[in-house]
Amino acid sequence: MKNIELLSLEDYSFQNNDFAFYFKNLYRDRGIKAFYQFLNRPHRRSFSRSIIQKYAPHGIGLEIGVGERTIAPTNRTILSDGFSEHGEGQSIAQVYFKGDEIPYADETFSFILSEHVLEHIANPIKSLNAWIMKLAPEGKLIIILPHKERTNDVHREITSLDHLISDYENDVPFNDPTHFDDWWNKVVENGLMPEHYKHIAKEELINTASIHHHVWTDVQIVELFEYLGMEIIYRNNHLHDRRDSFAIIAKKKTN
Ligand SMILES: C[S@@+](CC[C@H](N)C(=O)[O-])C[C@H]1O[C@@H](n2cnc3c(N)ncnc32)[C@H](O)[C@@H]1O
Ligand SMILES: [Zn+2]
């Protein structure tokens, strides 16, 4: 990583009351509907939270692309984002950097969590290499992503591993416009534009990483992680508390 000043974990103010923090941001985002969600078990994401606690029970973690809400244990997770404008409110991140330029020392984190972010990153292998580098040996990569068949990408083609390798070899930048037309034609033209992007002007969609560059199911992500030398330790292709999503947890092998 070139000339990036590193941040210290001591400078981060962790949020102690995880659930109060979650609910405060849910209320900020949803207003009165937050109370309905509070009473509705799947919306509290207790299942997804429990798998994070089970597979990453200790240590400091980093969330990439937190957006407006998190299911991370906030008493030990740094909430980061690449962009503040995501969603109707602002991102709740305390620190901002792009997913491939992480300003913490290598092998710092016990886990890296990222939910619905990798599909917004034009060069996923470049970012994943950076995430893996920041994980301690045996650190866990916890990835939750929209499943092609259960999201607004349903009319698009699945992205192959070869395509990702070629994006990496071509050093594609974060605002690569290559997939914009495919996304526009198959998502927006089919009336599937997500509500939370409607306030962003068309010409800004690429610069704010608002489109899904690539489209996957759990099968391709397992293949990708294995290609990157990670060991798959958990796979769930249909998270019942985020129904459009699948989750994969992989472990960094010891050197
Ligand atoms: C669909 S939102 C997901 C927000 C939240 N994690 C969730 O699950 O609701 C995508 C997030 O990825 C962030 N993002 C996009 N590209 C990024 C990048 N290159 N580096 C870091 N964050 C990025 C955006 O700022 C946004 O917060
Ligand atoms: Zn691509």
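Analyst: A residue counts as buried under 20% relative accessible area, as exposed over 50%, and as partly exposed in between. This is a predicted model. At 24%, phenylalanine 14 is partly exposed because its value falls between those two limits.

User: Where does phenylalanine 14 sit, and which residues is it in contact with, leaving aside its neighbours within four places in sequence?

Analyst: A contact list that skips sequence neighbours shows what the fold brings to a residue. Phenylalanine 14 belongs to the segment before helix H1 (18-30). With neighbours within four places left aside, phenylalanine 14 is in contact with Leu9, Ile60, Thr74, Asn75, Arg76, Thr77 and Ile78. Arginine 76 is 62 residues away from phenylalanine 14 in sequence, yet their C-alpha atoms are 6.3 Å apart in space.

User: What about the other end, where is lysine 253 and what does it touch?

Analyst: Lysine 253 lies in the segment after S7. Lysine 253 is partly exposed, because its relative accessibility is 45%. Not counting residues up to four places away in sequence, lysine 253 touches Gly229, Met230 and Glu231. A separation along the chain can also go with a separation in space: lysine 253 and glutamate 63 are 190 residues apart along the chain, and their C-alpha atoms are separated by 20 Å.

User: How many aromatic pairs are there?

Analyst: The rule is about ring centres, which must lie within 6.5 Å. By this rule there are 13 aromatic pairs. Take phenylalanine 83 and phenylalanine 174: their ring centres are 5.9 Å apart and their planes meet at 45°, so this pair is tilted. The two rings come from distant parts of the chain, 91 residues apart: phenylalanine 83 is in the loop between strand S2 (77-81) and strand S3 (95-96), while phenylalanine 174 is in the loop between helix H6 (161-169) and helix H7 (180-188).

User: Are phenylalanine 83 and phenylalanine 174 buried or partly exposed?

Analyst: Phenylalanine 83 is buried, because its relative accessibility is 17%. Phenylalanine 174 is partly exposed, at 34%. Another pair is edge-to-face: tyrosine 104 and phenylalanine 109, 5.4 Å centre to centre with 75° between the planes. Both tyrosine 104 and phenylalanine 109 are buried. There is also an aromatic cluster made of Phe19, Tyr22, Phe23, Tyr27, Phe35 and Phe38.

User: Which residues lie over the face of tyrosine 22 and of phenylalanine 174?

Analyst: Here one looks for a lysine or arginine above the ring. Arginine 49 lies over the face of tyrosine 22, 4.5 Å from the ring centre. For phenylalanine 174 the residue is lysine 98, at 4.3 Å from the ring centre.

User: How many residues does the largest nonpolar core have, and which have the most contacts inside it?

Analyst: A core is read as a network of buried nonpolar side chains. The largest one has 40 residues, and those with the most contacts inside it are Trp131, Leu141, Leu224 and Phe225. At least two residues of this core come from each of strand S1 (61-64), S2, strand S4 (109-115), helix H5 (124-134), strand S5 (135-146), H6, helix H8 (218-227) and strand S7 (245-252). H5 gives the most, with five residues. A second, separate core has 14 residues, including Ala56, Ile144, Tyr234 and Ala247.

User: What is leucine 141 in contact with, beyond its neighbours within four places in sequence?

Analyst: Its partners are Ile112, Leu128, Trp131, Ile132, Leu135, Phe225, Met230, Ile248, Ile249 and Ala250.

User: Which atoms coordinate the zinc ion (ligand 2)?

Analyst: His163 (NE2), Asp167 (OD), His179 (NE2) and His214 (NE2) coordinate the zinc ion (ligand 2), at 2.1 to 2.2 Å. Along the chain these donors follow the spacing H-x3-D-x11-H-x34-H. Histidine 163 and aspartate 167 are about one helical turn apart, because they are four residues apart in helix H6. Histidine 163 is partly exposed, at 25%, whereas aspartate 167 is buried, at 6%.

User: What angles do the four donor atoms of the zinc ion (ligand 2) make?

Analyst: Ideal angles for four tetrahedral donors are 109.5 degrees. At the zinc ion (ligand 2) the angles among the four donor atoms are 88 to 172°, and the site is irregular.

User: Which residue in the loop between S4 and H5 has a positive phi?

Analyst: Histidine 116, which is not a glycine, has a positive phi of about 55°. Histidine 116 is buried, with a relative accessible area of 15%. In strand S5, glutamate 138 has a positive phi near 70°. Glutamate 138 is partly exposed, at 41%.

Conventions:
Residues numbered from 1 in each chain as written. Chains lettered and ligands numbered in written order. Predicted model: local features only at pLDDT ≥ 70, side-chain atom pairs only at ≥ 80, totals over all residues. Heavy atoms only, no water. Phe/Tyr/Trp six-rings, centres within 6.5 Å; stacked < 30°, edge-to-face > 60°. Buried < 20%, exposed > 50% of the residue type's maximum accessible area, 1.4 Å probe, protein only. Lys NZ or Arg CZ within 6 Å of the ring centre and 35° of its normal. Core = buried A, V, L, I, M, F, W, Y, C linked by side-chain atoms within 4.5 Å. Contact = heavy atoms within 4.5 Å. Donors = N, O, S within 2.8 Å, 3.2 Å for Na, K, Ca; no water. Tetrahedral: all angles 85-135°; square planar, octahedral: opposite > 155°, others 65-115°.
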